[in-house]
Amino acid sequence: MWDELLNYLCNIGFSRIEALVYCTLVPEEKMGGYQIAKKLNVQRPSVYSALTSLENRGFITAVPGETTEYSAIAPDILMDELSRRYSENASKAKLELEKLTDGHKKLERFVNITGKSNLIAAVNRCIETTQKEIVFTCSMNLSPFENTLKNAAKRGVRIVLFSWSNIDTLGIPLEFYCGYDGVACAEERILLVSDEMHCIIGSNDRAAFYPHGKKCSPLPADEKDFLGMMSDNRLVVNLVTEHIHFDIYLHRLKKQYGKDLIDSSIQIGTLMEKGI
């Protein structure tokens, strides 16, 4: 039953034997190395090595006596201290790493994203770093982004959403422009721009073409069906931003004039219009 807990501890810097020894000590007032080794059914040298490492790092304390025994630092105190250390060192490392780029132009990135979970994670990371404004189009369920969007709103970030689907906004404080006209969106798509500096695009439209506004069967939406890209390239960010704004403008013009202004009289017969 410890497997999940041990994995968590290993992910924050414990070796597996250190995690086992610490977890053994937590419910006990104090224990000696021999007792721990016997309880875990492992060799004593590995236990004593783990005890020395844990003590040196401040995770446990030695209890004086006829034989040395050990007591675990309370988990809440230890985890708070580890969080503080991690945050402090990450901030310092970030500053030092940024110094390595001094005098050099930072390259604008194009990062490919494969898989729905990776796309969602990338979007959430982008939302978390936004300071002023998020403008996005989305026909996906918003629940994977609910907490990060609500936290962004609490930071004072303006959030503008357009969607071709009548999606549930889940009480997120945002400006919602809904272009749904009774035709279900076949694609799960997200285009997001953060602070007019970074953008992420992605969908489950790997190779399908279909005419805009026509009723189509939903596309496959498993993990493997999603592709995306993120960039801070100026041109790409502008193109995505303009696309979202034009969707909102056309939606508002349709409401203002009571009809769709995009019809055959102004179309130009491209592959996109034909869905080829």
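## Two sheets and two cores

Strands β6 (residues 158-163) and β7 run parallel and are joined by 4 bridges. Two strands count as paired here if DSSP finds at least two bridges between them. The helices and strands themselves are DSSP runs numbered from the N terminus: H or I of at least four residues for a helix, E of at least two for a strand. One of the matched positions is V160, whose bridge partner in β7 is E175.

Before going further, a word on what you're looking at. This is a predicted model, in which local features need pLDDT of at least 70 and side-chain atom pairs count only at pLDDT 80 or more, while totals for chains, interfaces and linings use all residues. Residues are numbered from 1 along each chain as its sequence is written, and side-chain values use heavy atoms, leaving out hydrogens and water.

**The whole chain**

The chain holds 9 helices and 10 strands. Its C-alpha atoms fill a box of roughly 95 × 45 × 30 Å along the principal axes. The radius of gyration is 27 Å, whereas a compact globule of 276 residues would come out near 19 Å. That value is taken over C-alpha atoms, and the globule rule is 2.2 Å times the number of residues to the power 0.38.

About 17400 Å² of the chain is exposed, with carbon and sulfur atoms supplying 54% of that; areas come from the Shrake-Rupley method with a 1.4 Å probe, and for residues only the protein chains shown count as cover. Of the 276 residues, 34% count as buried. Buried means under 20% relative accessible area, exposed means over 50%, and partly exposed is in between (1.4 Å probe, protein chains only).

**The seven-stranded sheet**

Back to β6 and β7: they belong to an open sheet of 7 strands, in the order β4-β10-β9-β8-β5-β6-β7, with mixed pairing. β4 (110-114) and β7 (175-178) sit at the edges with a single partner strand each, so one side of each has no neighbour in the sheet. On average, neighbouring strands are turned by 10° against each other, direction ignored.

On its other pairing, β6 runs parallel to β5, with 5 bridges joining the two. Here F136 stands opposite L161 in β6. β6 is mostly covered, with 5 of its 6 residues buried.

Which helix lies across β4, β5, β6, β7, β8, β9 and β10? It's α8 (residues 234-257), running at about 115° to β8. Axes are lines fitted to C-alpha atoms, for helices over the stretch in contact, and angles run from 0 to 180 degrees between N-to-C directions.

**The cores**

F136 and F145 have the most contacts inside the largest nonpolar core, which has 27 residues. A nonpolar core is a set of buried Ala, Val, Leu, Ile, Met, Phe, Trp, Tyr and Cys residues joined through side-chain atoms within 4.5 Å. The elements giving two or more residues to this core are α6 (116-129), β5, α7 (146-154), β6 and β8, and α6 provides the largest share, 6 residues. Leaving aside neighbours within four places in sequence, F136 touches residues including L149, V160, L161, I190 and I244, where contact means heavy atoms within 4.5 Å. Apart from this core lies another of 22 residues, among them A37, L40, V47 and L82.

**Two unusual loop residues**

Two residues have a positive phi although neither is a glycine.

| Residue | Phi | Loop | Relative accessibility |
|---|---|---|---|
| L170 | about 60° | between β6 and β7 | 23%, partly exposed |
| D195 | about 55° | between β8 and β9 | 18%, buried |

**The three-stranded sheet**

There is also an open sheet of 3 strands, ordered β1-β3-β2 with antiparallel pairing. Its edge strands, β1 (31-32) and β2 (60-63), each pair on one side only. β2 pairs with β3 (residues 69-72) in the antiparallel sense over 4 bridges, and a hairpin of 5 residues joins the two. Within this pair, I60 has A72 as its bridge partner, while A62 stands opposite Y70. Helix α2 (residues 16-25) lies across β1, β2 and β3, at about 85° to β3.
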